[in-house]
Amino acid sequence: MKVNDTTKDFFRLYEADLPFDLHEYHKLYPSIFSTYFNGYCKKTSERLLVAKKRYFEDYSRLKKVNRLLPSVIDKVVTKGESFFGFSLNVPAHILVGLYASNAFVDHQTEVYFAIEKLQPDPELLEIIVAHEIIHSYHYHILDRAGINWNIIDWSDVRNSMYLEGIATYFSQKLVPGYPQSYYFSYDKNGKDWLSYCQNHQLIIAEAFLADLDNQPNEMEREWFRLSGGQRLGYNRLGYFLGTAFVHNLCNKLSDHEIFTLLAQNKASIAVNKWFQKLTSGYN
């Protein structure tokens with residue numbers, strides 16, 4: 001996996017003795033920022049203005065993250081090659097975004113890391129890199145299994161739950177040894193979140209199912225995004241459910257069978273069965 005670090009131009013433009021124009025940076029990498037702005041961060045004048053102010057406050061952290069991240073990516077990629085048995089022939093892009101998504105994988109399985117929201121901690125960087133690398137591997141495995149991407153219902157949050165559960169659960173296998181909360185929060189402040197999830201799993205599951213019945217089209221934000229959390233006071237609870245679901249699958253299926261469920265159009269069916277057992281008191 002080749003690392004494509006676009007931040008050198010961001011820092012060059014920022015540090016030049018000229019008015020800093022973010023548009024100039026974005027124009028240098030049209031494909032990358034087209035993907036970013038069209039799917040992961042809406043580009044608005046307000047976002048641009050707020051981001052420029054925050055860059056000034058966060059500049060030292062941005063530089064530290066940028067020094068650490070390429071070597072962390074290389075380290076995790078090496079682990080991924082050993083774990084999965086093949087290499088990823090796609091790039092990992094490093095960029096400075098507008099304080100929206102901190103990392104994601106596009107539909108070409110290319111990986112993106114927006115450094116402005118990341119922490120200069122090698123452990124935390126290793127975990128979030130592992131999460132995204134596993135997403136990319138998962139999509140490659142699904143391709144090899146003959147998945148028809150055109151028939152996947154991306155509005156079905158049960159598919160999101162499955163995909164994020166895979167990435168979160170297997171990131172603990174790829175880079176083991178850290179406190180469990182780190183794999184969900186990507187920072188060191190997630191202990192209370194995890195404790196709530198562990199102590200209220202049935203309540204969370206029942207709330208998820210109620211939303212699935214009543215407002216399925218609004219669930220992605222509530223259950224899988226940082227901007228959610230209105231339902232129970234905690235955001236991204238779908239990650240916990242997904243990870244618990246995948247953990248349960250590992251008692252019954254091989255890793256390959258788990259990774260290819262979506263290609264067989266069985267992911268949402270398996271999620272439904274898991275919820276039925278969980279809410280009936282048998283899991």
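**View 1. The largest pocket of the predicted model encloses about 1800 Å³ of space.** A total of 48 residues line this pocket. Those closest to its centre are Ser 101, Ala 103, Phe 224, Arg 225 and Tyr 239.

**View 2. Helices and a strand contribute to the lining of the largest pocket.** Two or more lining residues come from each of strand E3 (103-105), helix H5 (122-144), helix H6 (157-174), helix H7 (182-185) and helix H10 (219-224). Helix H5 provides the largest share of this lining, with eight residues.

**View 3. Nonpolar, polar and charged residues all occur in the lining of the largest pocket.** The nonpolar residues number 21. The lining also holds 16 polar residues and eleven charged ones.

**View 4. The second largest pocket has a volume of about 200 Å³.** Its lining consists of 13 residues. Nearest the centre of this pocket lie Leu 249, Lys 252, Ile 269, Ala 270 and Lys 273.

**View 5. Helices H11 and H13 supply residues to the lining of the second largest pocket.** Helix H11 (237-249) and helix H13 (267-279) each give at least two residues to this lining. The largest share, five residues, belongs to H13. By class, the lining of the second largest pocket comprises seven nonpolar, two polar and four charged residues.

Technical notes. Residues numbered from 1 in each chain as written. Predicted model: local features only at pLDDT ≥ 70, side-chain atom pairs only at ≥ 80, totals over all residues. Heavy atoms only, no water. 1 Å grid on protein atoms, 1.4 Å probe; cavity = no way out; pocket = protein on both sides within 12 Å on 5 of 7 lines; lining within 4 Å. Points joined across faces, edges and corners; volume = space filled by probe spheres on them. Helix = DSSP H or I, 4+ residues; strand = E, 2+ residues; numbered from the N terminus. Nonpolar A, V, L, I, M, F, W, Y, C, P; charged D, E, K, R; others polar.
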